[in-house]
Amino acid sequence: MRAFYSGQFVLPLPPGHRFPMSRYALLRDRLEEHLPAVEMDQAPRASDGELALAHTPQWIAAISDGSVSPQAMREIGFPWSEAMVERSRRSTGATIAACRAAFAGGIAANMAGGTHHAYADKGGGFCVFNDAAVAARLMQAEHGRSGRQLKVAVVDLDVHQGNGTASIFRNDPSVFTLSLHGQKNFPFRKEASDLDVELPDGCGDADYLTALEHALDELDRRFSPGLVIYLAGADPFERDRLGRLKLSFDGLEARDRRVFDWTWQRRIPVAFAMAGGYASDIAETVQVQLGTFRVAFDYWRRWQNAAR
């Protein structure tokens, strides 16, 4: 199973910054130790043309040359730097590469990504470019060259609503946006996804999994995707600083297993990204993410066995 990573994912930040940047390198190390069969490839950088499939030229230029306003950078939450630009391009490029690899092998991963708060013309919430939106549009363009229409479902199980993704794909019937998130959590101004499932503070394993089951049933009734982009946020975890839900390690594993089983039963390729995770103990966030990879690898092997 292929996973896309870059040393640029670990962005140098000012002392005391609340974003747990080190989790990307920690996840890489844990995968090398516990799942050495996962093939880690260099994440490519998304080009201006690729980014323009989901973002305005003005936003791409302002981020790239540093002319973006201080207010816009405050909304993102990172200081501007050339390293930040490179990280954002490679995080997007990794989801593009994971989608292509998923068509070849069934399942593939971006070891970062899930930047769902980025709109067409602005960023927010640690998100600069929207990797899922860019990748979905590019995959559709590549399939369209051979005369095939590709329908994409974005299954967003980060604890925060995918407002940027919902905005970008508003009124686009070829992309279905599903967001299962905390009702009272960030962003406080939500956008309308094709299907929003709002969860109360303190929601635990049983209620979450029931809500997910209903959401997947609804997706199945309304849409038939040829690709799923799955945002496997670690932040519904019970000890996440920003999550406000109460999912256990077992509950999050069951969540991942349900998503990968849903795609496997329908033979839909799936590219997954890590999205959010802010546990006080970073090792617990990485443990959740490692669990996602374990489940994904199990289903990837099923894809390979079926192809023989």
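This briefing walks through the overall build, the central sheet, the helices around it and one residue of interest.

The structure is a predicted model. The protein's secondary structure amounts to 10 helices and 8 strands. The 8 strands make up an open sheet with parallel pairing, and that sheet is a good place to begin looking.

**Overall build**

- The radius of gyration is 18 Å, which agrees with the value near 19 Å that a compact globule of 308 residues would have.
- Measuring along the principal axes, the C-alpha trace of the protein spans about 50 × 45 × 40 Å.
- Of the protein's 308 residues, 58% count as buried.
- Looking at contacts between residues at least 6 apart in sequence, 75% of them join residues at least 24 apart.

**The sheet**

- If you step across the open sheet, you meet its strands in the order 2-1-3-8-7-4-5-6.
- At the edges sit strand 2 (39-42) and strand 6 (195-199), each of which pairs on one side only.
- On average, neighbouring strands of this sheet are turned by 15 degrees against each other, direction ignored.
- Strand 1 and strand 2 run parallel and are paired over 4 bridges; here Arg2 has Glu39 in strand 2 as its bridge partner.
- Strand 4 (residues 152-156) and strand 5 (residues 175-182) are also parallel, joined by 5 bridges. Val152 is partnered with Val175 of strand 5.

**Helices and the sheet**

- Helix 6 (residues 131-144) lies across strand 3 (107-110), strand 4, strand 5, strand 7 (227-231) and strand 8 (270-273). Its direction is at about 170 degrees to strand 7.
- Helix 10 (residues 282-307) packs on the sheet as well, where it touches strand 1 (2-5), strand 3 and strand 8. The direction of helix 10 makes about 150 degrees with that of strand 3.
- Helix 1 (residues 23-34) belongs to a right-handed β-α-β unit together with strand 1 and strand 2.

**A look at Arg45**

- You can find Arg45 in the loop between strand 2 and helix 2 (48-51).
- Arg45 counts as partly exposed because its relative accessibility is 41%, a value between the 20% and 50% cut-offs.
- Leaving aside residues up to four places away in sequence, Arg45 touches Glu50, Glu86, Arg89 and Arg90.
- With one of these, Glu86, the Arg45 side chain shares a side-chain polar contact of 3.0 Å.
- Phe188 is 143 residues from Arg45 in sequence, and their C-alpha atoms are 31 Å apart in space.

Notes. Residues are numbered from 1 along each chain as its sequence is written. This is a predicted model: local features need pLDDT of at least 70, side-chain atom pairs count only at pLDDT 80 or more; totals for chains, interfaces and linings use all residues. Side-chain values use heavy atoms; hydrogens and water are left out. Two strands pair if DSSP finds at least two bridges between them. Helices (H or I, at least four residues) and strands (E, at least two) are DSSP runs, numbered from the N terminus. Axes are lines fitted to C-alpha atoms, for helices over the stretch in contact, and angles run from 0 to 180 degrees between N-to-C directions. Contact means heavy atoms within 4.5 Å. A crossover is right-handed if, with the strands pointing away from the viewer, the path from the first strand over the helix to the second runs clockwise. Buried means under 20% relative accessible area, exposed over 50%, partly exposed in between (1.4 Å probe, protein chains only). A polar contact is a pair of N or O atoms within 3.5 Å; within protein, one must be able to donate a hydrogen and the other to accept it, and residues adjacent in sequence count only if both atoms are side-chain atoms. The radius of gyration is taken over C-alpha atoms; the globule rule is 2.2 Å times the number of residues to the power 0.38.
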